[in-house]
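Here are a few exercises on charged side chains, each with a worked solution. Keep the sequence and the model open while you go through them.

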Amino acid sequence: DADGDEARALLEVWQQLGPAEAIRLLDNRFWRCAQQRFPSTSATPIAKPCAEPEQAFRAFRNYAVTCMDKLDDAQLCSYMLQLALVLRHEEELQESALAFFLLRRALCAPFTVGHCVYWHVRAEMAACAAAASDSTADKEACGAFLRLGMFLRTYLNLSGEHEGELLAEELLVSTLRKVVKVGKEQGPSKEQNSGELMDVLQAVSIPPDGVRLPIDASFHVASLVPEKCKVMSSATKPLMLRFTSFGSDELIGVIFKDGDDLRQDGVCLQAFGMMERLWDSAGLNVPLRCYRATDLGSEVGMLEMVAAETLSAISVSRADAGQSNVSAVFDIKKMAEWLAAESVTVGVSCEQATENFLRSCAGYCVATYVLGIGDRHNDNIMMQRDGHLVHIDFGYILGKNPVIPTPFGFTIDRYN
């Protein structure tokens with residue numbers, strides 16, 4: 001209590017906290033550690049006397065929320081993955097400055113912040129439901145599920161017309177899950193989709209005024225294009241979907257997954273974005289091409305399609321007559337030939353495309369090493385026509401790897 005009184009007195013002279021520091025002050029785990037003392041003579045922590053921990057720490061948590069309120073809508077949404085997780089562990093929502101802050105910002109900008117808040121909190125609700133259904137019957141998860149449900153219900157009650165938009169998005173997600181089920185039964189095909197799958201795709205209904213995709217509210221679509229959709233070949237049989245943009249003929253491509261938790265992908269892409277901004281602020285041109293990825297709960301998620309080809313597909317597409325696919329993959333000339341031919345189609349010289357490749361390759365080598373990202377092979381690395389690399393599929397991070405690790409994640413594919 002004495003330490004807390006002294007720290008509260010210093011709040012007025014604290015420097016403005018950045019988002020990462022502010023979120024740490026909102027995390028209950030931080031305050032559990034704050035209630036312990038670590039004497040130099042003993043490794044065993046000693047509990048500090050604190051009569052009312054919630055009351056003692058509230059001033060600091062309120063200050064953290066004040067710091068987060070300095071962020072604009074786009075910046076706030078970029079940290080929503082962590083904020084939704086922190087909200088999950090708020091035990092008293094009616095007294096939570098974070099809950100009121102998120103509600104206020106969501107209601108002020110429903111089609112940006114509100115959209116982001118809804119889907120991230122919904123994903124945490126689904127995680128709570130999965131934990132509560134376990135045989136251990138996690139009481140904490142049950143309580144969090146109910147609190148998050150009340151939070152979303154409050155937002156929907158106050159959001160006006162945005163409630164109808166979110167319900168339309170929910171209906172679209174539910175329909176796409178049925179399509180995935182049919183797609184898994186059909187399996188991947190290089191030819192036309194089966195009649196049953198085409199029937200299900202054609203039955204996907206979108207309201208006359210369109211619907212926004214959960215992955216990003218700026219993706220406002222008018223209709224699904226069944227003939228441009230297909231089942232992909234990975235284990236969970238995701239769907240590659242193409243929609244027409246509302247008000248234009250532009251096509252919007254997304255990948256819909258049922259069976260993968262995309263929160264880990266979201267964290268990796270978030271870290272890539274932070275690294276790129278740090279390098280940019282230091283005057284370094286190290287591009288990391290990130291794409292949108294949103295977990296929708298219950299191991300359902302949606303990813304933005306990237307206009308790029310996997311390194312494996314590039315090598316195979318340039319195979320010489322009579323050359324096997326395996327031989328083409330390890331032919332170091334194939335990617336250079338592809339880049340020279342394709343870069344001019346997007347108005348980029350071969351020299352500039354090569355420079356883009358070198359810089360993005362260097363950036364990803366550092367980023368994937370720092371995050372311990374494994375399973376890096378030429379089907380999980382893509383290249384755009386202007387030479388920029390794009391990494392996908394972050395199922396193995398923080399040192400986990402399905403194959404024997406190598407220094408800096410360096411493999412023969414990356415050397416090629």
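**Exercise 1.** Glutamate 163 is a good place to begin: work out its exposure, then its partner in a salt bridge.

*Solution.* Start with the surface: in this predicted model, glutamate 163 has a relative accessible area of 23%, so it is partly exposed. Next, look for its partner. The side chain of glutamate 163 meets that of arginine 153 in a salt bridge, with N to O at 2.9 Å. Now place both residues: glutamate 163 sits in helix α10 (residues 161-186) and arginine 153 in helix α9 (residues 139-158), so the bridge ties together parts that are ten residues apart in sequence. Finally, arginine 153 is partly exposed too, at 38% relative accessibility.

**Exercise 2.** Find which parts of the chain are tied together by arginine 289 and aspartate 386, and decide whether each residue is buried or partly exposed.

*Solution.* First confirm the pair: the two side chains, arginine 289 and aspartate 386, form a salt bridge at 3.4 Å, N to O. Arginine 289 belongs to the loop between α12 and β8 (293-297), while aspartate 386 belongs to the loop between β11 (381-383) and β12 (389-391), so parts 97 residues apart in sequence are tied together. Then apply the 20% cut-off for buried residues. Arginine 289, at 31% relative accessibility, is partly exposed, whereas aspartate 386, at 17%, is buried.

**Exercise 3.** Repeat the analysis for arginine 263 and glutamate 124.

*Solution.* Begin with the distance: the closest N and O atoms of this salt bridge are 3.5 Å apart. Arginine 263 lies in helix α12 (residues 263-281) and glutamate 124 in helix α8 (residues 110-132), so the pair links parts 139 residues apart in sequence. For exposure, arginine 263 is partly exposed at 25%, and glutamate 124 is buried at 3% relative accessibility.

**Exercise 4.** Which residues does arginine 147 touch, leaving out those up to four places away in sequence?

*Solution.* Locate the residue first: arginine 147 is in helix α9. Its relative accessible area is 17%, so arginine 147 is buried. Its contacts, with those sequence neighbours left out, are Arg88, Glu90, Glu91 and Leu93. Looking at Arg88 in detail, the side chain of arginine 147 reaches the backbone oxygen of arginine 88 at 3.4 Å.

**Exercise 5.** How many salt bridges does the structure hold, and which residues are linked in a network with Asp69?

*Solution.* The total is 15 salt bridges. For the network, Asp69 is linked with Asp73, Arg104 and Arg105 through salt bridges.

Notes
Residues are numbered from 1 along each chain as its sequence is written. This is a predicted model: local features need pLDDT of at least 70, side-chain atom pairs count only at pLDDT 80 or more; totals for chains, interfaces and linings use all residues. Side-chain values use heavy atoms; hydrogens and water are left out. A salt bridge is a side-chain nitrogen of Lys or Arg within 4 Å of a carboxyl oxygen of Asp or Glu. Helices (H or I, at least four residues) and strands (E, at least two) are DSSP runs, numbered from the N terminus. Buried means under 20% relative accessible area, exposed over 50%, partly exposed in between (1.4 Å probe, protein chains only). A polar contact is a pair of N or O atoms within 3.5 Å; within protein, one must be able to donate a hydrogen and the other to accept it, and residues adjacent in sequence count only if both atoms are side-chain atoms. Contact means heavy atoms within 4.5 Å.
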